[in-house]
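Student: I've got a model open and I'd like to go through its packing and its rings. Can you walk me through it?

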Amino acid sequence: MSKLWWLTLAFASAIAYGIGASATDQLVKRSKCSSSAVTASYHFLGIWLFLASILIGLPYGLQIGAWSDLKKAFTTSNFFFILAIAVAFFIGDIASAQAYHTAPNAGYCVAIQDLYIIPTTLLPVIFFSAKL
């Protein structure tokens with residue numbers, strides 16, 4: 001494996017997290033669901049994706065009304081947003097985990113992964129007519 005493989009994985013993680021964060025932001029705004037319900041929804045789907053590689057837990061701290069929002073997310077067109085978010089975060093988490101394992105220092109990965117702010121800022125402008 002290339003010595004710079006961690007760099008590629010860290011950039012892949014940054015892009016995937018940026019996409020997931022942008023989509024989460026838009027789903028919360030458009031559906032009026034609580035952010036904790038949206039987070040719980042994509043993590044629920046993410047569990048099935050992660051079963052092949054790692055065991056993770058659901059997020060906690062659900063807000064009032066979150067359980068009804070969770071049900072709503074799976075019974076409306078919001079489901080495709082949830083699925084896209086789950087896939088984006090799944091890819092980001094896998095790339096991040098592998099980047100940490102191969103990087104000379106985990107701090108390098110975090111510094112690069114924090115570039116997710118770029119797609120998180122620009123994707124809503126490009127795709128959802130958000131203000132910059």
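Student: Which helix gives the most to the largest nonpolar core?

Tutor: Keep in mind that this is a predicted model. The core has twelve residues in all, including Tyr17, Leu45, Ile82 and Phe89. At least two of its residues come from each of α1, α2 (35-50) and α4 (78-102). The top contributor, with four residues, is α4.

Student: And how many residues are in the other core that lies apart from it?

Tutor: That one includes Leu9, Ala99, Cys109 and Ile112. Its total is eight residues.

Student: Back to Leu45: which residues is it in contact with, leaving aside neighbours within four places in sequence?

Tutor: Leu45 belongs to the largest nonpolar core, and so do two of its partners, Ile82 and Ala86. With the rest included, the contacts of Leu45 are Phe74, Phe79, Ile82, Leu83 and Ala86.

Student: Is Ser22 buried or exposed?

Tutor: Ser22 sits in helix α1 (residues 5-31), and it touches Pro119, Thr120, Leu123 and Pro124, not counting residues up to four places away in sequence. Its relative accessible area is 2%. Buried means under 20%, so Ser22 is buried.

Student: How far apart in space are Ser22 and Ile117?

Tutor: In sequence they are 95 residues apart. C-alpha to C-alpha, the distance is 9.4 Å.

Student: What span should helix α6 have at 1.5 Å a residue?

Tutor: Helix α6 covers residues 117-128, twelve residues. The expected span is 1.5 Å times one less than the number of residues. The end C-alpha atoms of α6 agree with the expected value, which is 16 Å.

Student: On to the rings: what kind of pair do Phe79 and Phe80 make?

Tutor: The structure holds two aromatic pairs. In this one the ring centres are 5.7 Å apart and the planes are at 75°. Planes over 60 degrees apart get their own class, so Phe79 and Phe80 are edge-to-face.

Student: Phe80 has 60% relative accessibility, so is it buried or exposed?

Tutor: Its partner Phe79, at 25%, is partly exposed. The cut-off to pass is over 50%, so at 60% Phe80 counts as exposed.

Student: Which helices does the pair of Phe81 and Phe128 tie together?

Tutor: This pair is tilted, with 6.4 Å centre to centre and 35° between the planes. Phe81 and Phe128 are 47 residues apart in sequence. Phe81 is partly exposed at 24%, as is Phe128 at 26%. Given where each residue lies, the helices are α4 and α6.

Conventions: Residues are numbered from 1 along each chain as its sequence is written. This is a predicted model: local features need pLDDT of at least 70, side-chain atom pairs count only at pLDDT 80 or more; totals for chains, interfaces and linings use all residues. Side-chain values use heavy atoms; hydrogens and water are left out. Buried means under 20% relative accessible area, exposed over 50%, partly exposed in between (1.4 Å probe, protein chains only). Contact means heavy atoms within 4.5 Å. A nonpolar core is a set of buried Ala, Val, Leu, Ile, Met, Phe, Trp, Tyr and Cys residues joined through side-chain atoms within 4.5 Å. Rings of Phe, Tyr and Trp (its six-membered ring) pair if their centres lie within 6.5 Å; planes under 30 degrees apart count as stacked, over 60 as edge-to-face and the rest as tilted.
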